[in-house]
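Open your viewer and get comfortable. We will make a short tour, one selection at a time.

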Amino acid sequence: MCKIAAHEIHVFISFLKMSVSKNRLFKRNSLFCLFLFFLSVLSASENFSVKNGVLDLRRKNLSDPVPLQIPGEYGFFWNKLLDTYEEPTEFISMPSGMWTNKKETGGKEYPHYGYATYTLKILLPENYHDISLCLEQPQTSMKVIVNGEEVCEIGKVGKTKETYANATKIKNIPLPNNQSELKIMFQVANFSSLRPCLAYNNLNIGKREVLDLYMYRQAILDALVIGIAFAIGIYHFLLFLFDRKEKAFLALTAFVMLITIRVFVGGGCVGASAFGLSWAACTRMDYLTFAVGPCLIFLYLKAVYPTSMPKLVVMACVGEGLLYGLIVLITPATIFMRFLGFHQAVLALQSLYIIWTVINLLRKKERGAIFIAFGLIVLVITGIVDILRSMSLLYINTMVPVGITLFLFMQSIVLALRANLEKLRTNKTNQKLEKSKTGSFFREIEGYVF
């Protein structure tokens with residue numbers, strides 16, 4: 001997956017360079033290019049399916065430098081925390097494995113709060129060594145037991161709310177070497193989230209160094225986005241301090257700073273893994289940035305193109321986002337999570353409106369509109385992917401850092417163009433003024449002499 005994705009990114013960048021060199025080609029093909037890029041990233045993975053709780057890897061070379069995604073039917077034991085393996089009679093569909101979802105539990109419905117055990121039997125080839133499981137963004141407490149021995153615990157598993165503690169981390173779980181089969185039990189408890197599941201994404205299995213590299217790469221990508229966004233935010237805030245009339249600088253600064261917080265607490269979970277932030281803190285900041293972020297997009301567009309964004313529409317979008325943000329701030333997770341579906345529906349309508357606005361900007365040939373369009377389209381697409389991912393309709397890595405980076409780059413180009421145009425206008429005005437002063441001076445001399 002890593003090699004394929006890297007190749008597709010290289011092709012995408014090459015196509016982008018060619019497109020930018022020809023404005024007309026860029027306008028025609030940017031959407032098609034983005035579609036191919038994201039489609040290739042989504043499809044660049046190798047899956048082995050778990051059937052009836054069993055994953056057969058006896059014919060698979062586990063030395064391959066590519067981790068395997070392992071979706072399928074995992075064993076499921078509700079209201080049990082198994083210490084020894086049992087053959088399952090009930091199953092739950094992975095990825096996600098959300099026990100409140102009837103489609104994943106085979107029509108059965110379980111309450112949000114409680115505990116359960118997921119089981120997985122893996123049949124392995126001979127003489128394998130140094131392989132691991134990767135659990136990305138588990139949203140509940142979890143204890144992992146392999147062949148009767150506890151190998152890790154994330155948070156604290158308990159049968160009551162008082163004996164339970166949640167956690168949000170990426171975790172690589174080393175597996176025992178040179179055994180013909182592994183009987184894995186995932187004890188899961190939840191007393192805080194409305195989305196109880198094993199993990200948001202597919203579990204991955206592969207060489208330990210490959211999965212470690214995946215974790216490091218995700219953390220480096222998040223840190224890179226945070227650094228770039230923070231630097232861009234500070235730069236545009238300083239520009240705003242020098243020119244208070246440029247509200248676009250302030251709106252972009254606020255949006256960028258919000259994005260740094262979102263990446264910090266989401267994606268690779270830098271906030272939880274590196275800084276020890278609690279699940280409650282990460283979740284609240286994640287939802288808060290999701291609520292307020294679209295407001296700043298509308299304020300930014302209003303500042304850059306005031307005639308293209310009706311004031312009433314901007315006020316309505318900002319009001320809805322701030323209201324949901326207030327709910328996130330003052331209510332517990334069990335309440336503000338219930339409003340997520342409504343906010344996602346509103347956000348979908350807002351995305352359509354932004355796309356319509358961008359099309360109008362392109363039709364009017366507004367200056368810098370092509371860069372605004374490209375940045376917003378990328379951001380909207382990655383945002384939609386992120387929404388589908390959060391709704392457990394897509395099971396891929398978050399694409400938001402890619403969208404944010406391209407969006408910020410394009411907006412910096414637009415603001416730089418605007419600043420350059422203002423400078424050119426100022427220079428022309430000064431030249432006209434100088435000519436006017438020079439002409440007036442010579443006329444005065446002419447009148448005095450003659």
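What follows is a walk from a sheet to a pair of helices, in a model that is predicted.

**Stop 1: the sheet.** Start by selecting the strands β2, β11, β6 and β9. They form an open sheet of four strands in the order β2-β11-β6-β9, and the pairing is antiparallel. Colour β2 (68–69) and β9 (171–174) separately, please: these are the edge strands, each pairing on one side only.

**Stop 2: the β2 edge.** Now zoom in on β2 and on β11, residues 204–207. The two strands run antiparallel and are joined by two bridges. Pick Q69 to find one partner: N204 in β11.

**Stop 3: onto the sheet.** Next, add helix α3, residues 208–242. This helix packs on the sheet, where it touches β6 (131–135), β9 and β11. Compare directions here: that of α3 makes about 120° with that of β11.

**Stop 4: the helix pair.** Bring in helix α4, residues 247–265. How far apart are the axes of α3 and α4, and at what angle do the helices pack? The axes lie 8 Å apart, and the angle is about 160°. Angles over 145 degrees count as roughly antiparallel, and α3 and α4 are therefore roughly antiparallel to each other. Turn the view to see α3 pass α4 in a left-handed crossing.

**Stop 5: between the helices.** Finally, show side chains. On the α3 side of the contact, select residues including V225, I226, F230, F237 and F240. They belong to a set that meets α4 residues, among them F249, L250, V256, M257 and F264. By class, this contact of α3 with α4 has 16 nonpolar, four polar and two charged residues. For the charged class, select D222 in α3 and K247 in α4.

Technical notes:
Residues are numbered from 1 along each chain as its sequence is written. This is a predicted model: local features need pLDDT of at least 70, side-chain atom pairs count only at pLDDT 80 or more; totals for chains, interfaces and linings use all residues. Side-chain values use heavy atoms; hydrogens and water are left out. Axes are lines fitted to C-alpha atoms, for helices over the stretch in contact, and angles run from 0 to 180 degrees between N-to-C directions. Angles under 35 degrees count as roughly parallel, over 145 as roughly antiparallel, 65 to 115 as roughly perpendicular and the rest as oblique. A crossing is left-handed if the near helix is turned anticlockwise from the far one by less than a right angle, and right-handed if clockwise. Contact means heavy atoms within 4.5 Å. Two strands pair if DSSP finds at least two bridges between them.
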